[in-house]
Amino acid sequence: MTRNVTNYKCPNCGGPLKFDAASQKLTCEYCKSSFTNDEVEQYYAVKNEEAAAAPAQFTQEEMGWTDEEAAHLKAYSCPSCGAQIVCDDTTAATSCPYCSNPTIVPAQFAGALKPKYIIPFQLEKQQAMEKLKAFYQGKTLLPTAFKSDNHIEEIKGVYVPFWLYNGTIDADMAFHATRSRTYQEGDYQVTETSNYQAVRRGEVEFEKVPADASQKMSDKYMDALEPFDWTELQNFKMSYLPGYLADRYDVSDQEDEIRADSRMKNSTVALLSSTVIGYESVVPERTYARRIAGEAVYALLPVWVLSTKYQDRQYLFTMNGQTGKMVGSLPMDSRKFLFWFAIVIAIVMAISAAVWFLWIVRAA
Ligand SMILES: [Zn+2]
Ligand SMILES: [Zn+2]
């Protein structure tokens, strides 16, 4: 029976084969053999093709799912241990919860679902944990207990689907600008104001403007992970995924386009506006911007997701798996906050009192 998923295993000993960020190769945990992406691609080519074409192994009735559940869930059978793997219908790479073999769902990359590019993970789990600790450093208002060691609940490396937009923005803007000079004429002080209309027109080309294509991921957090270094963009290969999680996109390129378009337009408007200089006041009168060309390509980008729990609240952090940039919100210690607030107030009051005292002395 052909299964819908493939397990990536060492060709030498059958141990789990995982992509190693440090060596950028697939390595076996047991016999320490390592293989290039091309070698593993070749080794798994037929298995992946067969898995992508295999009929679904479990029906809705067999799983006892409601229509709602059936629309969002998928069930696979692990080729290594035979256990049932239940996951979201967007899951493209995971690991078997029972035998922990890296598991890939080739159908999630078939046809139009195949990403064009991928940035492979550059930073490992250990580095993500160290970066989180460094992120806490110097945060004066952070509760001391939060910093202590045993609080990382979950850490996972996820290849997040993104659309990368290329495009040209055509913009036409007019500004009302003024310049004035003041001079003395007899008994009068005269202010002369000159009014100008400044016009700016131009086309700005954009390349690889990212917008995440996963409903699960917060747009705010994903935007904040930028920039990515696009020179490390590789052609997509499934063999980059074993050992990590991956989701296929569930936000279409048309849906994400609104977000990408407005980013490109805002940057163009800011760029044109920044050239209107040498005036006392500048007010935009007319702003016109539209995208005249462009396309979106599908890519997977590496993100470490770390979740911590503190006083029954979940705190989520995400880290750019390529650059190490960390994004997340931290709890605030209200007692520390009050302490520092009181110190600031005390300093302000001391300065005011000193100024007031000097003023009295001088006036006397
Ligand atoms: Zn091995
Ligand atoms: Zn298994």
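**Exercise 1. Work out how strand E14 is paired, beginning with its partner E15.**

Start at E15: strand E15 (residues 313-320) is joined to E14 by eight bridges, and the two run antiparallel. One pair to find on screen is tyrosine 310, which stands opposite arginine 313 in E15. Next, look at the hairpin of E14 and E15, where two residues lie between the strands and glutamine 311 takes a positive phi near 50°.

Now turn to strand E10 (residues 152-185), which pairs with E14 in the antiparallel sense over 26 bridges. Here isoleucine 152 stands opposite threonine 308 in E14.

Finish with strand E9 (residues 117-118), which runs parallel to strand E14 (residues 281-310) and is joined to it by two bridges. The bridge partner of tyrosine 117 in E14 is alanine 299.

**Exercise 2. Decide how far the coordinates can be trusted.**

Keep in mind that this is a predicted model. Take the overall score: the chain has an average pLDDT of 91, and 99% of the residues score at least 70. Then look at the extremes: within the chain, the mean confidence is lowest in helix H5 (residues 144-147), at 74, and highest in E9, at 98.

**Exercise 3. Describe how the two domains meet.**

First, set the bounds: domain 1 covers 6-114 and domain 2 covers 125-332. Their centres, taken over C-alpha atoms, are separated by 33 Å.

Second, count the contacts: 21 residues of domain 1 are in contact with 15 residues of domain 2. On the domain 1 side, at least two residues each come from strand E2 (17-20), helix H1 (37-53), strand E7 (91-95) and strand E8 (102-104).

Third, sort that side of domain 1 by class: twelve residues are nonpolar, six are polar and three are charged.

**Exercise 4. Locate the largest nonpolar core and show where it lies relative to the domains.**

Begin with its extent: the largest nonpolar core has 59 residues, and Tyr159, Val160, Leu241 and Leu301 have the most contacts inside it. Then trace the suppliers: among the elements giving at least two residues each are H1, E10, helix H7 (253-273) and E15. E14 provides the largest share, nine residues.

Now for the position. Both domain 1 (6-114) and domain 2 (125-332) give residues to this core, so it lies between them.

To explore one of its members, select leucine 301: leaving aside residues up to four places away in sequence, leucine 301 touches Ile119, Tyr159, Val160, Phe162 and Phe228.

**Exercise 5. Find the edges of the open sheet that contains E2.**

Write down the order: three strands form this open sheet as E2-E3-E4, with antiparallel pairing. E2 and strand E4 (34-35) each have a single partner strand, so they stand at the edges, with one side of each left without a neighbour in the sheet.

Then check one pairing: E2 and strand E3 (residues 25-28) run antiparallel and are joined by four bridges. In this pair, lysine 18 stands opposite threonine 27 in E3.

**Exercise 6. Is valine 5 buried or exposed? Describe its surroundings.**

Place the residue: valine 5 is in the segment before strand E1 (6-7). Count its neighbours: 29 other C-beta atoms lie within 10 Å. As 20 or more make a residue buried, valine 5 is buried.

Then list the contacts: not counting residues up to four places away in sequence, valine 5 touches Ala51, Tyr76, Pro79, Thr103, Ile104 and Val105. Lastly, compare sequence with space: valine 5 and glutamate 50 are 45 residues apart along the chain, and 9.3 Å separate their C-alpha atoms.

Notes:
Residues are numbered from 1 along each chain as its sequence is written. Chains are lettered from A and ligands numbered from 1 in the order in which they are written. This is a predicted model: local features need pLDDT of at least 70, side-chain atom pairs count only at pLDDT 80 or more; totals for chains, interfaces and linings use all residues. Domain bounds come from an automatic or database domain assignment. Two residues are in contact if their C-beta atoms, placed from the backbone, lie within 7 Å. Ala, Val, Leu, Ile, Met, Phe, Trp, Tyr, Cys and Pro count as nonpolar, Asp, Glu, Lys and Arg as charged, and the others, Gly among them, as polar. A residue is buried if 20 or more other C-beta atoms lie within 10 Å of its own, exposed if 12 or fewer, and partly exposed in between; C-beta atoms are placed from the backbone. Two strands pair if DSSP finds at least two bridges between them. pLDDT is the predictor's confidence in each residue, from 0 to 100. A nonpolar core is a set of buried Ala, Val, Leu, Ile, Met, Phe, Trp, Tyr and Cys residues joined through C-beta atoms within 7 Å.
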